[in-house]
Structures are given as structure tokens and as C-alpha cells.
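Please consider the arrangement of one strand and its partner, and then the enclosed spaces within the fold. The account below proceeds in that order.

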Amino acid sequence: MKIAAVNTYVLSADLETPFAYSQAWYATRMALIVEVVADHGLSGFGEVYGPPRPNRGVVEAYAPLLVGEDPFAIERHWQRLYNHLRDHGQRGLAIQALSGIDIALWDLKGKALGLPVHVLMGGPIRERVRAYATGLYRRDRPDHEAYLREEAASYVEAGFTAMKLKTGWGVAEDVRLTRALRDEIGGEVELMVDANHAYDAVDALAYVRKVEDLDIGWFEEPVAPEDYDGYREVKAGGTIPVAGGECSFTRFGFRRLLGERLVDIAQPDTCAAGGLSECKKIADMASAYGVRYVPHCWGTGIARAAALQLLAVLPHNPPGLFATEPLLEFDMSEHPIRDAVTTEPIVQEDGFVRVPTGPGLGIEVDRATLERFRA
């Protein structure tokens, strides 16, 4: 079996209700899907997290290095593609594009062998993963507290036992909304916050000190991803666990975050940090350094399936009878493509999501959807 083609699909869908996080407004959701086709017609699919159009160009630059090659030689392909652009891109687009290809190769291999990816990666440690709801974004309405309370209550009603609030609107506003959300959901539901690096260390610590009594699960991306000293200050100056890493890439990019214990929870995105191959290495590094691993996941059902295949094989950190299990980020914001791209959506029940057990990623891509949303 040989690789016959590498196809790309840029997908786009307008939103009924635009929303914002601390860095930008979204009026559309987009995705870049990668398909690796074998010479006998079998295909594997992956997803790239990041700007779809420039990433498509990088995938297309990699494609000639793959056509005619053995699709099972995944580690060799990873090394070759990484080295191909190593002098020009050790992070960002070069690694995001590589991630989608890597995931597609794993999906293809699993389908060819009739086994799910998590079996190929060592076998499952867990068959289901507790999910936390990502949502609670800003809308173009003045009654922020009212609609955030309503949305949070809907997540509790849906069975979620944890959720994440988007912050970064200014310290005073963030404190007010965080307190409102904790009041709304009560003390039994976990609440995490994510500033998307809207603060410097001074404001991040000012926020932390005003909400430390609210039992916040983690403070995600409190400062810019390049601000390693800022991470150190926030981690040392407060009692809320610090999370980060969705803007970091490969084991090399995570070396300092983990080695210097700058985060309590590492959050590589499987579709951006190097794919399944590299994210398993990052997870093993995190385990060696005693840092928890909760992957960032904000894409379509393909991205969600890839995250679940990896989560199935992550070690308990640390092991024990009552070990802390990794979590799945379960995006609840509007995304017309997310569930449509697979013939069966990945759903949560009572706050848990089952790891797909079909061959490859365990999902079937709906080709009609690829055409329907094609940009």
C-alpha cells in the first residue's frame, strides 16, 4: 500500500450569533480537513487547528514528500516533514499542518488494520473521559451576566460537572462575572477560567487574588505564551492552578514549560502541537515532570475524535486508587460544521464521552458535508 494523494478541504460556515473571546470576534467558524488517500482507495482524515488557508498551503508543500510512500511509516514521515521546514518553522503553521497529516496517517493505518488508534498506541487505559463544557463567550448584548448565568445553568442541566468561563474583559468585570457564575452553578460543579493571554502578570495576579476563594479549577493562559517569566510569577503568586500550552508546539516547545514547572496543567492541541505522534511524546514528558495533561480541543468532530484517541492512552498522573483523570474539552459554542462533518456526532452523556472504538479515529467522515461547507 502506498500514499496516492493528500487532499485538503477548507470549510466555512456563518454563525447565527457572533461571539468573542478576549482577542477577537467570530462571525464564522472554519476548519481545515486533511485527507490522506492510499492507492487502493482507503482514506484517513485529520484536522489542522489554526488559520485554514495558510495552513492549506503548508500541507500542499508537504504532500509531494508523502506521495508514493508507505503510509504505515508514520514516525519516519513525521521526522521528514519536520526537518523539511525545520530551518523556517519549528512552531506555528509548519507544525499545525504537520499535525493534520499525522492524524490522517494514524486514521488510515487504523482503518487498514481494522483497529482504533488507541489500540495501536498501546491499548486503552480508560474507555470514557469526563468532559468539561467550553462556552460562556461574550455576545453583542449588554446583559452579560444574565445570558452567562442562563448558559451555565444549561450545561449543568445537560449533565456537565465542569465548565470554563472566558475572561479577559478587565479585572473588575472578570471578577464580577466569575463570582456570578460560581453563584449560579454552586460549589459542586467545577469552574475553570480562560483569559486567552489577555493579561500581564500584574493584572493576572490582581484577578487571582480576588477570586481565590471561589475554588477555581485552573486559570488558563493568564499571560502571553511567550511570557515565561509571567507564567512563573502568576504560578508562584497565587493558589489557583495555572494552565497553558495551546500556543506551544512539539516536545521542544514544551520542554521549558514542563522542565521549569511553569504550568500545572499542559494543554497541547492535538491538531496543532504535532499530531497524535508528537502529543503522546509531550504527554509522556508531562508525566515525567509531574504535570497534568488536558488537551486543548476546539475543532470539528475529527479533532474531538483525535483528542479522545489520545486521552484513552494517557497514563494516570500520578497513579493510584483515586487517580486524577484527564479531561476532554467539549466545545459547546456554535459550530455548524462540528457535528455535521461526521456521520454520527460525538456526544456527552452525564458529563462523560466514550472513546470511539471503530477503526482509525473511530468515526466516519460525511463527504457531503465536506462539499456543503467548502469555502
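A residue is called buried when its relative accessible area is under 20%. The model examined here is predicted, and the burial described below is computed from it.

With that cut-off in hand, strand S3 (residues 43-48) can be considered. Of its 6 residues, 6 are buried, so the strand is largely enclosed by the rest of the structure. The side chains of S3 may be followed in two sets: Ser43, Phe45 and Glu47 point one way, whereas Gly44, Gly46 and Val48 point the other way. Residues in both sets are buried.

Strand S3 is paired with strand S2 (residues 24-38); the two run antiparallel and are joined by 6 bridges. Within this pairing, Val37 stands opposite Ser43 in S3. The hairpin formed by S2 and S3 has 4 residues between the strands, and in this hairpin Gly41 adopts a positive phi near 100 degrees.

Attention may now turn to the internal spaces. How many cavities of 30 Å³ or more does a search of the whole structure find? The search finds 2. The largest has a volume of about 40 Å³, and its lining consists of Glu221, Pro225, Tyr231, Gly244, Gly245, Ser248 and Leu257. By class, this lining comprises 3 nonpolar, 3 polar and 1 charged residues.

The second largest cavity holds about 30 Å³ of space. Leu136, Tyr137, Arg138, Tyr147, Leu148, Lys166, Trp169 and Leu177 line this cavity. Its lining divides into 6 nonpolar and 2 charged residues, with no polar ones.

Conventions:
Residues numbered from 1 in each chain as written. Predicted model: local features only at pLDDT ≥ 70, side-chain atom pairs only at ≥ 80, totals over all residues. Heavy atoms only, no water. 1 Å grid on protein atoms, 1.4 Å probe; cavity = no way out; pocket = protein on both sides within 12 Å on 5 of 7 lines; lining within 4 Å. Points joined across faces, edges and corners; volume = space filled by probe spheres on them. Nonpolar A, V, L, I, M, F, W, Y, C, P; charged D, E, K, R; others polar. Buried < 20%, exposed > 50% of the residue type's maximum accessible area, 1.4 Å probe, protein only. Pairing = 2+ DSSP bridges.
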